[in-house]
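User: I have the sequence and a model of this chain open on my screen. Please take a close look at one part of it, whichever stretch lets you connect the most, and explain how that part sits among its surroundings.

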Amino acid sequence: LERMKIRLEELGTGSNEDVMKEYKEVKERDEFLVREIADLEASVAKLQELIAELNLQLNERFVAGIDKIGFEFNRFFALMFGGGEAKLLRMKPKVKAKKKDINEFGEEIEVDEEAEDEEAQEGVELDVKLPNKRVRGLEMLSGGERALTSIALIFAMSQVNPPLFIILDETDAALDEANSRRYGDMISALAQKSQLILITHNRETMGRAGVLYGVTMAGDGISKLLSVKFDE
């Protein structure tokens with residue numbers, strides 16, 4: 001025992017009281033950290049449940065919203081083009097993957113194959129078909145037809161959750177006279193739910209407005225602001 005005491009003193013561990021005191025402090029610290037870890041693990045589990053619930057709700061609302069927009073998009077597209085069909089398709093991005101195959105000589109080869117990226121978020125793609133045309137797809141449309149399609153999609157989104165104000169900056173610039181009349185009819189329909197502010201040079205669109213604001217120049221070459229209320 002004396003030899004052990006001497007060794008303990010040489011090691012510098014101190015008295016039994018100091019050792020017990022240090023042991024209690026370390027034990028209390030360890031118990032505190034165990035409780036903290038348990039609280040963190042419980043919080044992580046609750047957050048994961050909340051994330052899963054929110055993802056489910058977001059997916060349900062996303063699908064319902066896309067379906068509503070798709071219905072209105074098809075309606076506005078048919079009005080704009082006098083027929084045809086337009087859809088909003090939910091899909092995931094494609095990724096290239098390697099796939100093993102057998103060639104005509106019986107040899108095993110690797111070929112590229114497109115597959116859905118399961119980790120990517122689901123997106124939306126437009127599928128349109130013009131009346132009296134066999135080709136379909138957004139890439140097959142001309143610049144003017146794409147402009148009309150964009151207008152139809154904007155109007156469709158505004159109908160699902162109508163905002164207080166809609167600002168359209170020369171969205172009718174690429175339209176001919178016949179399409180301008182259809183555009184004007186849709187503008188009048190939108191004006192029943194939202195207040196529209198239009199920047200335009202189109203006479204048909206200006207004819208549907210309640211108030212015109214513009215800049216005019218008299219013979220003296222000085223510009224001045226002008227407003228016209230059609231009701232008056």
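Analyst: Gly82 is a useful place to start, since the loop between α2 and β1 contains this residue. The model is a predicted one. Gly82 counts as exposed because its relative accessibility is 54%, and the cut-off for that class is over 50%. Along the chain Gly82 and Asn179 are 97 residues apart, while 9.4 Å separates their C-alpha atoms.

The part to look at is the helix before that loop. Helix α2 covers residues 16-81. For orientation, the chain has 5 helices and 8 strands, and their order along the sequence is α-α-β-β-β-β-α-β-α-β-α-β-β. Of its 232 residues, 19% are buried. Among contacts with a separation of 6 or more, 52% are between residues 24 or more positions apart. The accessible surface comes to about 17900 Å², with 53% of it on carbon and sulfur atoms.

The residues of interest in α2 begin with Glu72, which lies in this helix. Glu72 is classed as buried because its relative accessible area is 16%, and the class takes values under 20%. Outside its neighbours within four places in sequence, Glu72 has contacts with Ala156 and Gln159.

Next comes Phe73, whose contacts beyond four places in sequence are with Ala86, Lys87, Leu88, Leu126, Val128, Thr149, Ala152, Leu153 and Ala156. Ala156 is therefore a contact of Glu72 and also of Phe73, where contact means heavy atoms within 4.5 Å. Phe73 is also part of a ring cluster, in which ring pairs link Phe73, Phe77 and Phe81.

The aromatic pairs in the chain number 4. In one of them, the ring centres of Phe76 and Phe155 are 5.9 Å apart and the planes make an angle of 70°, so this pair is edge-to-face. The two rings come from distant parts of the chain: Phe76 belongs to helix α2, Phe155 belongs to helix α3 (residues 143-160), and their positions lie 79 residues apart in the numbering. Phe76 and Phe155 are both buried.

Phe155 has a further ring partner. With Tyr183 it makes a tilted pair, at 5.9 Å centre to centre and with 35° between the planes. Tyr183 lies in helix α4 (residues 177-190) and Phe155 in helix α3, so this pair ties together parts 28 residues apart in sequence. Phe155 counts as buried because its relative accessible area is 1%. Tyr183 is buried as well, also with a relative accessible area of 1%. Taken in sequence, the pairs run from Phe76 in α2 to Phe155 in α3, then from Phe155 to Tyr183 in α4.

One charged residue of this stretch also takes part. Arg75 sits over the face of Phe76, at 4.7 Å from the ring centre. Phe76 thus has Arg75 over its face and Phe155 as an edge-to-face partner.

Several of these rings recur in the nonpolar core. The largest such core contains 26 residues, and Phe73, Phe77, Phe155 and Tyr183 are those with the most contacts inside it. Two or more residues come from each of α2, β1 (85-91), α3, β5 (165-169) and α4. Helix α2 makes the greatest contribution, giving 7 residues.

After β5 the chain enters another loop that leads to α4, and Glu170 lies there. Phi of Glu170 is near 50°, a positive value in a residue that is not glycine. Most residues other than glycine have a negative phi. Glu170 counts as partly exposed because its relative accessibility is 34%.

For contrast with the helical part, look at the hairpin of β7 and β8. Strands β7 (residues 211-217) and β8 (residues 223-229) pair antiparallel over 7 bridges. Val211 has Lys229 as its bridge partner in β8, and Tyr213 has Ser227. The hairpin has 5 residues between its strands, and Gly221 takes a positive phi near 80° there.

To return to the part in question: α2 gives the most residues to the largest nonpolar core, and Phe76 pairs it with Phe155 of α3. The loop that follows α2 holds Gly82, which is exposed.

Note on methods. Residues are numbered from 1 along each chain as its sequence is written. This is a predicted model: local features need pLDDT of at least 70, side-chain atom pairs count only at pLDDT 80 or more; totals for chains, interfaces and linings use all residues. Side-chain values use heavy atoms; hydrogens and water are left out. Helices (H or I, at least four residues) and strands (E, at least two) are DSSP runs, numbered from the N terminus. Buried means under 20% relative accessible area, exposed over 50%, partly exposed in between (1.4 Å probe, protein chains only). Accessible areas come from the Shrake-Rupley method with a 1.4 Å probe; for residues, only the protein chains shown count as cover. Two strands pair if DSSP finds at least two bridges between them. Rings of Phe, Tyr and Trp (its six-membered ring) pair if their centres lie within 6.5 Å; planes under 30 degrees apart count as stacked, over 60 as edge-to-face and the rest as tilted. A charge sits over a ring if NZ of Lys or CZ of Arg is within 6 Å of the ring centre and within 35 degrees of the ring normal. A nonpolar core is a set of buried Ala, Val, Leu, Ile, Met, Phe, Trp, Tyr and Cys residues joined through side-chain atoms within 4.5 Å.
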